[in-house]
Amino acid sequence: MAGPWVGSWRPHPRRGPILAEFSTPGPKYWLPGTTGHMAHDPTKFRAPAYSFRGTKCPIGTSCSPGPRYFIPSSITKTGKHVAPSAHVTARPKSKIMVTPGPSDYTTDPADKHVYNTAPASSMKSRPKDLKGFRTPGPGTYTLPRVLGPQTVYTRAEPCYSMKWKSQYQSCFQDLAKTPGPAAFANVDMDVYKRTAPKYTM
């Protein structure tokens, strides 16, 4: 069915394929195929064809990571599914308390309370000297100072310290602070005069 008029021409369905629509020689050189059943080349023999079937859908019971990861059958997507049972644990360990035996006791000190015995005085070792209760002797104390400014119970008078003689404006005062003539050694005359001949032995 033709469309409406466009100017002086009217669009109509094309009569055949257009060469510009193909990237190959296109409909100019068309050869029938030699594979398949539909549109087979009549000049070629056609061998028996077998259809290729796709892979089967996996069974629900075999959907697992494989033999590398062994997952028990009781593990489900919501957790472990097991029947209620009592936990079997080891026997609890009891703490054994070491108690004293018969040989750890002695009844000799208790015989005086059970049997009638004569009065006897007990023998005891000499008491140790208590060093903590010793009082200091007369030589332990020292008398406080009675001379000088730092005294305990006496009034201190003005004290003057004894000092050596001052060198200020004295003839012995060294104002230059330089070494004297005796501080240097004698200079050899060969340094500033003509050297005399020397002979080695």
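What share of the contacts in the protein chain with a separation of 6 or more comes from residues 24 or more positions apart? The share is 0%. This is a predicted model. The protein chain has 201 residues, and 3% of them count as buried. Its elements are one helix and two strands.

**Overall layout**
- Read from the N terminus, the elements run β-β-α.
- Strand S1 spans residues 75–76.
- Helix H1 spans residues 111–114.
- The accessible surface of the chain comes to about 22,700 Å². Carbon and sulfur atoms hold 60% of that surface.

**His40 and its surroundings**
- His40 sits in the segment before strand S1.
- His40 counts as buried because its relative accessibility is 14%, and the cut-off for buried is under 20%.
- A polar atom of the His40 side chain lies 3.1 Å from the backbone oxygen of Thr34.
- Leaving out residues up to four places away in sequence, His40 touches Pro32, Gly33, Thr34 and Thr35. Under that same rule, His40 also touches Phe45 and Arg46.
- Thr34 therefore appears twice in this picture: as a residue that His40 touches, and as the owner of the backbone oxygen 3.1 Å from a polar side-chain atom of His40, with contact meaning heavy atoms within 4.5 Å.

**Positive phi at two residues**
- Most residues other than glycine have a negative phi.
- Ala39 has a positive phi, near 55°. Ala39 lies in the segment before S1.
- Ala39 is exposed because its relative accessible area is 56%, and exposed means over 50%.
- Gln169 also has a positive phi, near 55°. Gln169 lies in the segment after H1.
- Gln169 counts as exposed, so its side of the cut-off is clear: its relative accessibility is 66%.

**A nonpolar surface patch**
- Which residues form a nonpolar patch on the surface? They are Val146, Leu147, Val152 and Tyr153.
- Together these four residues have about 500 Å² of accessible area.
- Val146 lies in the segment after helix H1.
- Val146 counts as exposed because its relative accessibility is 51%, and the exposed class starts over 50%.

**Buried or exposed: the named residues**
- Before S1, His40 is buried at 14% relative accessibility, whereas Ala39 is exposed at 56%.
- After H1, Val146 is exposed at 51%, and Gln169 is exposed at 66%.

Methods:
Residues are numbered from 1 along each chain as its sequence is written. This is a predicted model: local features need pLDDT of at least 70, side-chain atom pairs count only at pLDDT 80 or more; totals for chains, interfaces and linings use all residues. Side-chain values use heavy atoms; hydrogens and water are left out. Patches are made of residues with over 30% relative accessible area and no salt bridge: like charges are joined within 9 Å, nonpolar side chains (Val, Leu, Ile, Met, Phe, Trp, Tyr) within 5 Å. Accessible areas come from the Shrake-Rupley method with a 1.4 Å probe; for residues, only the protein chains shown count as cover. A salt bridge is a side-chain nitrogen of Lys or Arg within 4 Å of a carboxyl oxygen of Asp or Glu. Helices (H or I, at least four residues) and strands (E, at least two) are DSSP runs, numbered from the N terminus. Buried means under 20% relative accessible area, exposed over 50%, partly exposed in between (1.4 Å probe, protein chains only). A polar contact is a pair of N or O atoms within 3.5 Å; within protein, one must be able to donate a hydrogen and the other to accept it, and residues adjacent in sequence count only if both atoms are side-chain atoms.
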